[in-house]
Amino acid sequence: MVNYINAECYKAFHRKYMYLFLTVILGLVAAFMLLLRVEGLRQSQTAEGMIVIQRVSVSELLGILAMSLSTGLYFLMIAADIVFSDQYKHNTLKNEVSYGLPRIRIYLGKLVSAALVAIALCAVLLGGYLLLSCILFPAGEEIVESLRAFGLWLLTAIPLWLGGLGLFILLQFVMKNTAATITYVMIVGFLGSGFMDLLTAFMPSLESAANLVRAISLNTPFSLLGKRGPEEVMGYAWALGSAWLGVSTLVGLACFRKKEIS
Amino acid sequence: MTDNALVTRGLTKRYGNHLAVDHVDITIPKGEIYGLVGRNGAGKTTIIRMAAAQTVPTAGELELFGATGERELQKARSRTGAMVEIPSFYPYLTAKENLEYYRRQRGVAGSHVVEDALRQVGLDDTGKKKFKAFSLGMKQRLGLALALMNRPDLLLLDEPINGLDPEGIVDFRNLLLELNRQYQITILISSHILSELQNLATCYGFIDQGRMLEQVSAGKLAEKCRDCLELRVDDAPRAAAILERQMGCRDFEVLPGGIIRLYDGLDVPEKVTRLLVKQGISLSGMEHRGANLEDYFLNLMGGVRHG
C-alpha cells in the first residue's frame, strides 16, 4: 500500500494541472485580498458618537473563510481527479491489474492518495490565505479566539470532505470522468437543504422524505454550523462523514472487484 | 514444481449471449514461445486479458506457475509482464516518468531498472518528450519496457507488432528471441501477422469462435506443412474417393473450391492425372507445393482434413 501511495503522489506532483490549479486559486485569493486592502474599510460609531474607520482584520477574514468551508466539497473533486487521472480514458488501470496488484489495494490506494493530495492542497491554500491576511491586514483584537473557532469549524468540515471524497472516488471507479463529476455535483448539491426546501415548497407531501434526505446530506452540517456553532454540530458531522466514507468505499470495492478493465 | 508457466482448463468467457471463449484448454510449458493464432474476434485477446486479470472468467480455471487461487494468482502475476492491445500510459508524463511511476507502484528496487528497461527497447534517448507525442511504434516499445521492467518469467503479448515499421518488427522479434533464449522467458504471443509468428513460436494454438481447434508444436506443424500435390478438379469429393479407392491414398485434404491436397503419391503425379482423367474427372490444374502457417491456418478454419 505504501508503494502504491508513493507512486500516486509521485504522479500527482508531476502534473502541471495541480500547480496550475494552485496558481489560479492563490491568484484569486491574492486579488480578493488586494481588493479588500484597497476598498475594505469599515465605518463604525463609538458610544460617544465618533465615527471610526477600521480596516478589515485577520479575524474577520477567518470568519469569511469559515463560512466558505462547504466549497471544499467541490474542491476535493480536483484532488481526486489529479490522483485518478482519467484512468479509464487512458486505459491505464490494465497496467496495474495485470501485474497482480489486488483491486482492493488499487481502490484504497487511490482513496488514501486523493486524501493526502487534498490535505496538501488544502494546507497550501489555507496557508496562502492566512499568510496574505497577516501581511496585508491587522490581526484584530480577538485573533486567538478567531483562530480557535476556525480550527473547530475546520475539524467539523474535515469528516464531511472525506465523506465527499469517498463518494467521488466511488463514482470515478464506476463511471466515466464527466459522468462521475455531474453525478457527484447532483448528489452533493441537489440533496442539500436549499434544494429540499424548494422542493417541499412546491410539493409539501414530500416533507418526510425531504427530512430524511436533509439528515443525510453532506451539506446539512455546513448550514447548521452558522446557526448552532461547531461544538454542537461536530459529532453529527463526524458520524455523517464517516458513514458516507464507509458506505461509499464498501460499495466502490464491491463494484470494482469484478469490473472489466480494458 | 510445475513445468508449465500457464495452464487453462475449460476457460470460458461469456458476454451476455455471446460466448467469447468456450472451454479453452491451453498448456504452455516453461521456456516456450506460444503463438496464439486466430481471426479477429476469435477470442485471442479475451484469453490474454483473462490471464492478465483484466477480465474475470465466467467459468474454468487458470493456473500460473502452478498457482490457482485468487490470492496465489495475484502473487504469480508479479512474475508476468503483459502488453494487451495498444499500450496505455499517462499522456502528460515522459517515458521515464511513466516507468518510474510503475516502478514505485510495484516496489521494484533500484531506479536504474527504468533506464535499463528503456535502453533495452531503444527508448533511452526520448528525454522530455511526453507519451502523448510518441509514435505508435514508440508506444509499443514503452509497453514492452514496462512488461520487462520487473524481469518477468512469462510475457503476455497481444498483437505486439501492430504499428511497428519493418525494421521495428525485426528488432522486436530479435529482442523476444533473445529474452527467450538468454533468460528463458516464456512468451504467449498473439498476432494476425502469421509470417512473424512463424519466425518466433515454438508451439501454436489455433483458435476460432472462442474454441481451441488445435495445439501443435512448431516441429509437428512443420511436419504437417510438408510438401503436397495440389489438384484443382471439377468434383473434388468424387475425385478424392477415386484416389482413396483406386490409388490407396489415405493422406489428403479436400478444400473448398474443388481443391485436393494430396500428401501421398507425390512421386507419381502422372499416375494421378491419368487415373482422374480416365474416371471422367476434369483436372484444371496440378501444382507441387508446400504449406506455410498461413495456409495451415486457413485450411484449419475452412478445410476438411482426412488422413
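What is the volume of the second largest cavity? It is about 60 Å³, and the model in which this cavity sits is a predicted one. A search of the whole structure turns up three cavities of 30 Å³ or more. Here is a friendly tour of two of them, followed by two residues with positive phi.

**The largest cavity**
- At the top of the list is a cavity with a volume of about 80 Å³.
- From chain A, its lining takes A:K94, A:N95 and A:S98.
- From chain B, the lining of the largest cavity includes B:Q54, the run B:A82, B:M83 and B:V84, and also B:P87, B:S88 and B:F89. B:G143 and B:L146 complete the list.
- Three elements each give at least two residues to this lining: α6 (93-97) of chain A, and β5 (80-83) and α5 (136-149) of chain B.
- Sorted by class, the lining of the largest cavity holds six nonpolar, five polar and one charged residues.

**The second largest cavity**
- The cavity of about 60 Å³ is lined on the chain A side by A:N95, A:S98 and A:Y99.
- Chain B brings B:T80, B:G81, B:A82, B:R106, B:L146 and B:A147 to the lining of the second largest cavity.
- Two elements of chain B, β5 and α5, give two or more residues each to this lining.
- Of these, β5(B) supplies the largest share, with three residues.
- The class count for the second largest cavity is four nonpolar, four polar and one charged residues.

**Residues found in both linings**
- A:N95 and A:S98 of chain A line the largest cavity and also the second largest cavity.
- On chain B, B:A82 and B:L146 likewise appear in the lining of the largest cavity and in that of the second largest cavity.

**Positive phi in chain B**
- As background for backbone checks, most residues other than glycine have a negative phi.
- B:E85 has a phi near 55 degrees, a positive value in a residue that is not glycine.
- You will find B:E85 in the loop between β5 and α3 (95-106) of chain B.
- With a relative accessible area of 40%, B:E85 is partly exposed.
- B:E159 also has a positive phi, near 45 degrees, and is again a residue other than glycine.
- The loop between β6 (154-158) and α6 (166-183) of chain B holds B:E159.
- Is B:E159 buried or exposed? B:E159 is buried, because its relative accessible area is 10% and the cut-off for buried is under 20%.

Methods: Residues numbered from 1 in each chain as written. Chains lettered and ligands numbered in written order. Predicted model: local features only at pLDDT ≥ 70, side-chain atom pairs only at ≥ 80, totals over all residues. Heavy atoms only, no water. 1 Å grid on protein atoms, 1.4 Å probe; cavity = no way out; pocket = protein on both sides within 12 Å on 5 of 7 lines; lining within 4 Å. Points joined across faces, edges and corners; volume = space filled by probe spheres on them. Helix = DSSP H or I, 4+ residues; strand = E, 2+ residues; numbered from the N terminus. Nonpolar A, V, L, I, M, F, W, Y, C, P; charged D, E, K, R; others polar. Buried < 20%, exposed > 50% of the residue type's maximum accessible area, 1.4 Å probe, protein only.
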